[in-house]
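Ready for a few exercises with a structure on your screen? Load the model, keep a viewer open, and try each task before you read its solution.

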Amino acid sequence: KTINFVGNVESTEVMNGEIDVVVTDGFTGNMVLKTAEGIAKFVLSIIKTEIKKSIIYMLGALLLRPALKMIKLKMDSSEYGGAIFLGLNGLSIKAHGNSDSNGIKNAIKVANRFAEINFVEEQDVFQNLIGSNGSLKNPIEQMKTSIFYPNTSLPVFLHGPTGSGKSFMARKIYEFAVQEGILKPDAPFIIMNCAQYVNNIELLSSNLFGYVKGAFTGAYATTKGLLEAADGGMLFLDEVHRLNSESQEKLFVFLDQGIFRRMGESEGWHKAKVRMVMATTENLESNFLDTFLRRIPIVVQIPSLRERGEQERLQFIYHFFIEESKVLDKKMKVSGNVIEALLNHLYQGNIGDLENKIKFICATAYAKKKRKNEIDIHLEHLPEDVLKGIAEKAENKIGNYDTVEIYPNAPIQEIL
């Protein structure tokens, strides 16, 4: 719908009925509202006073009672309840500071009315991720595609190097499914790190599929596995390349038909409705059976930190410094040299590695000046491998970035 922009207006024109929306600064807007409210009360008091002066006026007021009541309602701030705050991720109504019970009641009505029309749309869980419109745009679309597929969705493989955020993404897939109403809010999200069982494949299989009494030494009672525990929810198998061929075959049957057997069973089947997300750092073709891979139609490539590009790496650096500022409850001044050194460093552990290095940097600086309200971070606080990288790479010319001020809950865009 086309907006009819009037332009600048005088205060005398605000209430003439020709303007629907006035954009102003907080101080001026508050002055206009308080003045209008004061005038309304003043006018109502004059009407009351004048009516009481004469019996004729009082009789006339009785005839005009419906009209006078409507005027009073239109001029009474409590009848409007409150106004919505714009720009927030949620619904918030600002009521008058002097609101009575009627004002509060009407503020609740205003909130309910905005909620019914879904005035404030909830942001999906992927929207504010670093790279959601950049390096992660296609991976996010793939993950959403898998969730919206009917019944138990499509199994997903998250493939990427160590520390690139695969576990984090698995959690976001679950949160998105709950947000969209595909999973219930109390649906289970079960995590199994297969690398913990690298030296005991039987234990891995028994934990995943469950086992019956007597299936192996120590199996004193029939026990459900994680597949059954995740029924109605999501199961995330990290480092899934640790599954041997037998376990892959059993998992393939489950992915294909939704049925499985516990360890030690030779007949009968169990059923579970589970959405599967799996992650690996390894080459798919050389670590998985062809039949298993054919049952997983969506492989999401999670990029390394280096592949995320300079702008996204910079956002991660600022994000982790902000998080440390919250933990330490201190403002920080991070020198441009530190920012540039971190930006150009090659991280073997990707995002996780960067996060740990920034924790180390902040802890080192804090330990030296913990009594101060502000922490200054310079090159001397960097880990040795980052400093070594600066010395070895001639192309890393320090001096292109200014000192950055960090404080708890600072918006990244403001720092950028």
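The exercises below go through a sheet, a helix and some salt bridges of this predicted model.

**Exercise 1. Work out the strand order of the open five-stranded sheet and find its edge strands.**

Step 1. Start with strand 3 (residues 156–159), which is joined to strand 11 by four bridges, the two running parallel. To see the register, look at valine 156, which stands opposite isoleucine 298 of strand 11.

Step 2. Now turn to strand 10 (residues 275–280): four bridges join this strand to strand 3, again in parallel. Here leucine 158 stands opposite alanine 279.

Step 3. Put the whole sheet together, and the order reads 4-7-10-3-11, with parallel pairing. The edges are strand 4 (189–193) and strand 11, each of which pairs on one side only. On average, neighbouring strands are turned by 20 degrees against each other, direction ignored.

**Exercise 2. Which strands of the sheet does helix 6 touch, and which residues form the covered face of strand 11?**

Step 1. Pick out helix 6 (residues 166–179), which packs on the sheet and touches strand 3, strand 4, strand 7 (234–238) and strand 10. The direction of helix 6 makes about 170 degrees with that of strand 7.

Step 2. Go to strand 11 (residues 298–301) and sort its side chains by face. Ile298 and Val300 belong to the covered face, while Val299 and Gln301 belong to the uncovered one.

**Exercise 3. How many residues of helix 13 are buried, and which ones are they?**

Step 1. Count along helix 13 (residues 336–344): seven of its nine residues are buried, leaving the helix mostly covered.

Step 2. Name the buried ones: Gly336, Val338, Ile339, Glu340, Ala341, Leu342 and Leu343.

**Exercise 4. How many salt bridges does a search of the whole structure find, and where do the partners of the lysine 144 bridge lie?**

Step 1. The search returns eleven salt bridges. In one of these, lysine 144 joins aspartate 124, with 3.0 Å between the closest N and O atoms.

Step 2. Locate the partners: lysine 144 sits in helix 5 (residues 137–148), and aspartate 124 in the loop between helix 4 (101–116) and helix 5. The two are 20 residues apart, and the pair links distant parts of the chain.

Step 3. Check burial against the cut-off of under 20% relative accessible area. Lysine 144 has 16%, so this residue is buried; aspartate 124 has 19%, so this one is buried too.

Step 4. Try a second pair, glutamate 228 and arginine 262, whose side chains meet at 2.9 Å, N to O. Glutamate 228 belongs to helix 8 (residues 226–229), and arginine 262 to the loop between strand 8 (259–260) and strand 9 (270–271), 34 residues away along the chain. Both partners are buried.

**Exercise 5. Why are lysine 357 and aspartate 353 separated by about one helical turn?**

Step 1. Begin with the contact: the two side chains meet in a salt bridge of 2.8 Å, N to O.

Step 2. Lysine 357 and aspartate 353 are about one turn apart because they lie four residues apart in helix 14 (residues 350–368). In general, an α-helix has 3.6 residues a turn, so residues three or four places apart point the same way.

Step 3. Add the accessibilities: lysine 357 is buried at 10%, and aspartate 353 is buried at 16%.

Step 4. Finally, widen the view: Asp353, Lys357 and Asp385 are linked in a network of salt bridges.

Terms used. Residues numbered from 1 in each chain as written. Predicted model: local features only at pLDDT ≥ 70, side-chain atom pairs only at ≥ 80, totals over all residues. Heavy atoms only, no water. Buried < 20%, exposed > 50% of the residue type's maximum accessible area, 1.4 Å probe, protein only. Pairing = 2+ DSSP bridges. Salt bridge = Lys/Arg side-chain N within 4 Å of Asp/Glu carboxyl O. Axes fitted to C-alpha atoms, helices over the stretch in contact; angles between N-to-C directions. Contact = heavy atoms within 4.5 Å.
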